[in-house]
Amino acid sequence: MEKIEHIGIAVRNIEIAKSIYTKLLSCKAYKTEEVEEEGVLTAFFLVGQTKIELLESKKEGSAIARFIEKRGEGIHHIAFEVDDIYNEMKRLKKEGFVLLNDTPKKGADNKLICFIHPKSANGVLIELCQEIK
Ligand code: ZN
């Protein structure tokens, strides 16, 4: 694991959240992107070397919709940058972590990603991400 690449925050309304985080961080979101397969709209802010990812559900029953229903708005996941996601997935599987997908999938912001079930990591949803070159 290289560093915390981003922290994902589930929000009800991304426009309102964007204006709050623009004020908080004193910078504008550098990108807004819909990830259709996940049914989410995302917005990214850069803070030093780490990003903040805001996530609004665009589809009923999406992971973000279910999260907000259950727990309200708030921190949804922590994403770690990795050099080789295939290797890292293999290593973590061997260590007994429950991966939510068997092969990496395409995420927002030009990344290959894989999620680790929160029950494997003390209630925290972990994302692995690797920049697509
Ligand atoms: Zn993420």
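**Zinc site, helix α3 and salt bridges**

Along the chain, the donors of the zinc ion are spaced as H-x46-E-x23-H-x49-E. The model is predicted. Four residues coordinate the zinc ion: His6, Glu53, His77 and Glu127. Both histidines bind through NE2, and both glutamates through OE. The coordination distances run from 2.1 to 2.2 Å. The angles among the four donor atoms span 83 to 169 degrees, and the site is irregular. A tetrahedral site would need all angles between 85 and 135 degrees.

Two of these donors link distant parts of the chain. His6 lies in strand β1, residues 3-11. Glu127 lies in strand β8, residues 126-131. The two are 121 residues apart. His6 is buried, with a relative accessibility of 3%. Glu127 is also buried, at 4%. The cut-off for a buried residue is under 20%.

Helix α3 covers residues 85-94. Its buried residues are Ile85, Glu88, Met89 and Leu92. Viewed down the helix axis, they fall within an arc of 100 degrees, so they line one face of α3. These buried residues pack against strand β7 (111-116) and strand β8. Strand β8 also holds the zinc ligand Glu127. The face of α3 turned away from the buried side carries exposed residues: Tyr86, Lys90 and Lys94.

The N-terminal end of α3 is capped by Asp84. One of the side-chain oxygens of Asp84 lies 3.1 Å from the backbone nitrogen of Tyr86. Just after the helix comes Gly96, which has a positive phi of about 100 degrees.

A salt bridge also involves the buried side of α3. Glu88 pairs with Arg91, and their closest N and O atoms are 2.5 Å apart. The two residues are three positions apart in α3, so about one helical turn separates them. Glu88 is buried, with a relative accessible area of 13%. Arg91 is partly exposed, at 38%.

The whole structure contains 13 salt bridges. One of them joins Glu81 and Lys3, with 4.0 Å between the closest N and O atoms. Glu81 belongs to strand β5 (residues 74-81) and Lys3 to strand β1, so this pair ties together parts that are 78 residues apart in sequence. Strand β1 also contains the zinc ligand His6. Both partners of the bridge are partly exposed: Glu81 has a relative accessibility of 22%, and Lys3 has 27%.

Another salt bridge connects the side chains of Lys111 and Asp109, at 3.8 Å from N to O. Lys111 is buried, with a relative accessible area of 3%. Asp109 is buried as well, at 7%. This pair is part of a network built from salt bridges that share partners. The network joins Glu5, Lys31, Glu33, Lys51, Asp109, Lys111 and Glu131.

Strand β8 thus recurs in this account. The strand supplies the zinc ligand Glu127, and the buried residues of α3 pack against it.

Conventions
Residues are numbered from 1 along each chain as its sequence is written. This is a predicted model: local features need pLDDT of at least 70, side-chain atom pairs count only at pLDDT 80 or more; totals for chains, interfaces and linings use all residues. Side-chain values use heavy atoms; hydrogens and water are left out. Donors are N, O and S atoms within 2.8 Å of the metal (3.2 Å for Na, K and Ca); water is not among the atoms, so sites may look incomplete. Four donors count as tetrahedral if all angles lie between 85 and 135 degrees; four count as square planar and six as octahedral if opposite donors are over 155 degrees apart and all others between 65 and 115; anything else is irregular. Helices (H or I, at least four residues) and strands (E, at least two) are DSSP runs, numbered from the N terminus. Buried means under 20% relative accessible area, exposed over 50%, partly exposed in between (1.4 Å probe, protein chains only). The arc is that of the directions from the helix axis to the C-beta atoms. Contact means heavy atoms within 4.5 Å. A polar contact is a pair of N or O atoms within 3.5 Å; within protein, one must be able to donate a hydrogen and the other to accept it, and residues adjacent in sequence count only if both atoms are side-chain atoms.
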